[in-house]
Amino acid sequence: MEWASESAAVRRHRVGGERRDGPAAAPQPGREALAPEPPADAGGGGARTRKRSAGGDASRGAGTGLSEARAALGLALYLLALRALVQLSLQQLVLRGAAGRPGDFDARQARDYLEHITSIGPRTTGSPENEILTVHYLLEQIKLIEVQSSSLHRISVDVQRPTGSFSIDFLGGFTSYYDNITNVVVKLEPRDGAQHAVLANCHFDSVANSPGPENPWLVQAYVSAAKHPFASVVAQEVFQSGIIPSDTDFRIYRDFGNIPGIDLAFIENGYIYHTKYDTADRILTDSIQRAGDNILAVLKYLATSDVLPSSSKYRHGHMVFFDVLGLFVIAYPSRVGSIINYMVVTAAVLYLGKKWLRPKQKTGNYTKDFFCGLGITLVSWFTSLVTVLIIAVFVSLIGRSLSWYNHFYVSVCLYGTAATAKIILIHTLAKRFYYMNASDRYLGEVFFDISLFVHCVSLTALTSQGLCSAFISAVWVAFPLLTKFCTRKDFKQHGAQGKFIALYLSGMFVPYLYALYLIWAVFEMFTPILGRSGTEIPPDVVLASILAGCTMILSSYFINFIYLARSTKRTMLSLTLVCVVTFLLVCGGAFFPYSSHPASPKPKRVFLQHMTRTFHDLDGNVVKRDSGIWINGFDYTGMSHITPHIPEINESIRAHCEENAPLCGFPWYLPVHFLIRKNWYLPAPEVSPGNPAHFRLVSKEQTPWDSIKLTFEATGPSHMSFYIRTHEGSTLSQWSLGNGTPVTSKGGDYFVFYSHGLQASAWRFWIEVQVLEERPEGMVTVAVAAHHLSGEEKRSSQLDALKDKFPDWTFPSAWVCTYSLFVF
């Protein structure tokens, strides 16, 4: 063994060693005593050494070099074992429970109800199937329950048909108006009555399973009562952030009724959501049992709670809550969470500050190396993100988006390996060319501290923003810090040997297990959504970014192994090879995005609307009239996969925006026009539904406050959309909808969604237009689209013929509609 020294002026107290090739490179106990490791609390200071070898390769410090194969294989197996444990915990969420006792929730009976309702067929609002058949069945079953109920209770039923209107900011903002929609309200109460109540609400065909309450009392109720808890404040805050383009009916109670509540929904297998595959048989009876157990237990708890009469006193404040692998829920007030978080931050700052503030002669250049290493880490993450984005953009441009939609692990092999390889590459280059004179143990210390510092900054930022999800960062600081203290002595004495690695990975068990648990939930929710996120958002770019972020998190406390290992060449080569092979397969079209496989369908969603459009001018004359089938693909691939099967749907029939018409002159069912800008218009004969829409101007009057009040009346099918665009020099000041204040949709137009039950009368409403400057083209353009969604009116021979041409891996949803535009 040969020893090298540094100049005293630059490398004071820095001692290390090299290994020659062959048997002579083995460490010798007698020589080892000449080079003692510096104290660990000195931050590894004094651990730099000039390294030379016959082959010119940089070797690592005495006894600390890890075998690359063992390190890479060990970390891979560790993560796979944690992933298997997560999968096992998820499976127990749907395992059959013990036999039910009298009074317990009965999933078999619930399935009977579900299957009977779904057997009625599509039940759109305003259809006889929904308003008559389903309601009649529900009332029959309620009557049977009433007959069998105890004499201690009383059941009363009320069939409501309310009318109302509200505006929400969902999907860019729109207003909803409902008229005589049927509700069935059942009240269960003691025979002598009750003063307070708990409401359980759902659609006739909806299901449930994952909560998102803000009310501390409700969180505590769920924690105390739910038999099979599955809940996280992370999901709540992600949902409330608006990242997920979805919403639930609970917001109506929250925003307009000021009523707190728990929101529940199934999240698994979103690929079939609202498709022909979304059938009762795909919902496991065991899942129904577990969901029912939770709901019934929580309802009983709330209804019998002493807090119920004064629950409003306990509604303020936020809670940190999360389940532990579906076994139990941990919950505590956010203010307690903030205290815990800042205590963790303080501990980390004391640990790091002790190293930063030591005299330079004791720590060497630790502070400099730390911040240089921080810069290298940030550069590695940034270049990793840029790399996967370049790949994602290229894949998108050549028309291979969503190749992972039916094969999720393709995305891991393409983007995950690229992100990991780039991180390893940057650190390997830093190790060889910048830290060439530093020992392995020293660098292992430095880069562990850097990861700790990054998570500490994240924890501070999230806590200061008042986010309850900051508890995750607290876990990523507290457990590694404890692990550091536990492994410190062994690492100091023996370096990165078996005992150290075992202790280190054991200490990281909690943060990595919970991270993989959350990552599963993220991909379970987001991956299906990317298949219906519109034509403007490249899904590969989104998924690649998420995977890069996950890679950064999972690699954070493993970066130090890059510096502890003797080499990373084989690891980088293997990752690069997997990435390149996957990339070539993706570019060659080896992975088709969609599937109609009965066990795991992943269909492409397509909307077909056979419509007739009529445009009127300011004098009421028809200036344009056309008919066709308007085609919308709900994902980024558009019609590229459809054209080979249906040649007439190609780029030559791309729909063109009517610039002077609201929402481009098309009959949007919901205001998603900003998400779906690419659509197709196939010419077809006119449609003439049996229940056509009628729209007329009832009156036009000048108000005392110098605005023009236009009153309209509309009749037609159960679902209609009303669009408004004001002209230059005019503004919409108020209307009879919502709270009276007009709400624009994205792009500046106004969108009103109208639905009615079977017993609704004509819809009459008014708008007020403030005219600042009279112009020859009028003051406002309005349009009404009538959507025929049920019965024979929703069909046409041309629509049926086109629908039949679509391959089985698609889900075409089709109906007939009319569109009429007017200028006033």
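**Figure 1. Long-range contacts and overall make-up of the predicted model.** Among the contacts in the protein with a separation of 6 or more, 80% are between residues 24 or more positions apart. The model shown here and in the following views is predicted. It contains 20 helices and 17 strands. Of its 824 residues, 49% count as buried.

**Figure 2. Close-up of helix 3, residues 107-119.** The helix has 13 residues, and the distance from its first C-alpha to its last is 18 Å, close to the 18 Å expected at 1.5 Å a residue. Ala107, Ala110, Arg111, Leu114 and Ile117 are the buried residues of helix 3. Viewed down the helix axis, these buried residues fall within an arc of 130°, so they line one face of helix 3. An α-helix has 3.6 residues a turn, so residues three or four places apart point the same way. Helix 4 (128-148) and helix 8 (285-303) are included in what covers the buried residues of helix 3. Arg108 and Ser119, on the other side of the helix, are exposed.

**Figure 3. The two ends of helix 3.** At the start of the helix, the backbone nitrogen of arginine 108 has a side-chain oxygen of aspartate 106 within 3.1 Å. Glycine 121, just after helix 3, adopts a positive phi of about 105°.

**Figure 4. The open sheet of nine strands.** The strands follow the order 2-3-14-12-16-17-7-8-9, and their pairing is mixed. Strand 2 (163-168) and strand 9 (680-683) are the edge strands, each pairing on one side only. From one strand to the next, the twist averages 25°. Helix 20 (residues 797-805) packs on this sheet and touches strand 7 (604-616), strand 8 (622-633), strand 9 and strand 17 (810-823). The direction of helix 20 makes about 145° with that of strand 17.

**Figure 5. Parallel pairing of strand 3 with strand 14.** Five bridges connect strand 3 (residues 174-179) and strand 14 (residues 750-756) in the parallel sense. Within this pair, histidine 756 of strand 14 stands opposite aspartate 179.

**Figure 6. Antiparallel pairing of strand 8 with strand 7 and with strand 9.** Strand 7 and strand 8 run antiparallel and are joined by 11 bridges. Tryptophan 630 in strand 8 is the bridge partner of glutamine 609. The two strands form a hairpin with five residues between them, and glycine 620 in the turn has a positive phi of about 90°. Strand 8 also pairs with strand 9 in the antiparallel sense, over four bridges. There, isoleucine 631 has tryptophan 680 of strand 9 as its bridge partner.

**Figure 7. Surroundings of histidine 641 in the loop between strand 8 and strand 9.** The relative accessible area of histidine 641 is 15%. This residue is buried because the value lies under 20%. With neighbours within four places in sequence left aside, histidine 641 is in contact with Phe592, Pro593, Tyr594 and Trp809.

**Figure 8. Surroundings of histidine 787 in strand 16 (residues 780-788).** Histidine 787 counts as buried, at 0% relative accessibility. Its C-alpha atom is separated by 9.2 Å from that of methionine 611, although the two residues are 176 residues apart along the chain. The side chains of histidine 787 and tryptophan 815 are joined by a polar contact of 3.2 Å. Leaving aside neighbours within four places in sequence, the residues in contact with histidine 787 include Gln609, Trp815, Val816 and Cys817. Also among them are Pro667, Trp668 and Tyr669, together with Pro717, His719, Met720, Ser721 and Tyr723.

**Figure 9. The open sheet of four strands.** This sheet has the strand order 10-11-15-13, with antiparallel pairing. Its edge strands, strand 10 (694-702) and strand 13 (730-735), each pair on one side only. The twist averages 30° from one strand to the next. Strand 10 and strand 11 (residues 708-715) run antiparallel, with eight bridges joining them. Lysine 709 in strand 11 is the bridge partner of glutamate 701.

Notes
Residues numbered from 1 in each chain as written. Predicted model: local features only at pLDDT ≥ 70, side-chain atom pairs only at ≥ 80, totals over all residues. Heavy atoms only, no water. Expected span 1.5 Å × (residues − 1). Buried < 20%, exposed > 50% of the residue type's maximum accessible area, 1.4 Å probe, protein only. Arc of directions from axis to C-beta. Contact = heavy atoms within 4.5 Å. Polar contact = N/O pair within 3.5 Å; in protein donor to acceptor, adjacent residues only side chain to side chain. Pairing = 2+ DSSP bridges. Axes fitted to C-alpha atoms, helices over the stretch in contact; angles between N-to-C directions.
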